[in-house]
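Student: I want to test the labels against the numbers. Can we go through them one by one?
Tutor: Yes. Here is the model.

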Amino acid sequence: MANKMDEFKQKILGLINKQPPKIPSMGFDDSNYHFFANSHTATDANRPADQDILESIEAAYFSMKEDFDICQFELEKLPEVLDCDQIQRDFKNLKQQHQVVSKKVLQLILEHQNGCNSNLKK
């Protein structure tokens, strides 16, 4: 099972790694997360490369199971005694992963938009 997950992850990463066209920046609205208001956003200088961020995503996120519950998955990883600083670091990491994946998905959509439009016309 782990081998299939690795294959699936590699295929997704292979698609994502193609040189995409320049696109507008997409933001992640964290206005609903007031308890993280003091966290700092990583600057481009000290932020890991997008590829490193993509490779850091856990295999569970690539699950093909219909009953996979990502919220439950994250909750089960919490320790008995909660550490607010660690929760903030985990949130920042997940937020960064979300931003990179969203950007790459948009890039892929834009890359394939013309081909999709011509297929729809046919």
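Student: Why is phenylalanine 68 called partly exposed?
Tutor: This is a predicted model. The relative accessible area of phenylalanine 68 is 31%. Buried needs under 20% and exposed needs over 50%. The value of 31% falls in between, so phenylalanine 68 is partly exposed.

Student: What makes the pair of phenylalanine 68 and phenylalanine 73 tilted?
Tutor: The ring centres are 5.8 Å apart, and a pair needs them within 6.5 Å. The planes stand at 50 degrees. Stacked needs under 30 degrees and edge-to-face over 60, so this pair is tilted.

Student: Is phenylalanine 73 buried or exposed?
Tutor: Phenylalanine 73 is buried. Its relative accessible area is 18%, and the cut-off is under 20%.

Student: How many aromatic pairs are there?
Tutor: The count is two. The other partner of phenylalanine 73 is tyrosine 61, with ring centres 5.8 Å apart.

Student: Why is the pair of tyrosine 61 and phenylalanine 73 called edge-to-face?
Tutor: Their planes are at 85 degrees. Edge-to-face needs over 60, so the label holds.

Student: Which parts does the pair of tyrosine 61 and phenylalanine 73 tie together?
Tutor: Tyrosine 61 lies in the loop between helix H2 (50–55) and helix H3 (70–76). Phenylalanine 73 lies in helix H3. The two parts are 12 residues apart in sequence.

Student: What is the exposure label of tyrosine 61?
Tutor: Tyrosine 61 is partly exposed. Its relative accessible area is 30%, between the 20% and 50% cut-offs.

Student: Which residues do the ring pairs link into a cluster?
Tutor: Tyr61, Phe68 and Phe73.

Student: What makes cysteine 71 and cysteine 84 count as exposed?
Tutor: Exposed needs over 50%. Cysteine 71 has 52% relative accessibility, so the label fits. Cysteine 84 has 51%, so the label fits there too.

Student: How many disulfides are there?
Tutor: Zero. A disulfide needs two cysteine sulfur atoms within 2.5 Å, and the count by that rule is zero.

Student: Now the whole chain. What is the order of its elements?
Tutor: From the N terminus they run α-α-α-α. That is four helices and zero strands.

Student: What share of the residues is buried?
Tutor: Buried residues make up 20% of the 122 residues. The accessible surface is about 9,600 Å², and carbon and sulfur atoms hold 54% of that.

Student: What share of the contacts with a separation of 6 or more joins residues 24 or more positions apart?
Tutor: The share is 86%.

Terms used. Residues are numbered from 1 along each chain as its sequence is written. This is a predicted model: local features need pLDDT of at least 70, side-chain atom pairs count only at pLDDT 80 or more; totals for chains, interfaces and linings use all residues. Side-chain values use heavy atoms; hydrogens and water are left out. Buried means under 20% relative accessible area, exposed over 50%, partly exposed in between (1.4 Å probe, protein chains only). Contact means heavy atoms within 4.5 Å. Accessible areas come from the Shrake-Rupley method with a 1.4 Å probe; for residues, only the protein chains shown count as cover. Rings of Phe, Tyr and Trp (its six-membered ring) pair if their centres lie within 6.5 Å; planes under 30 degrees apart count as stacked, over 60 as edge-to-face and the rest as tilted.
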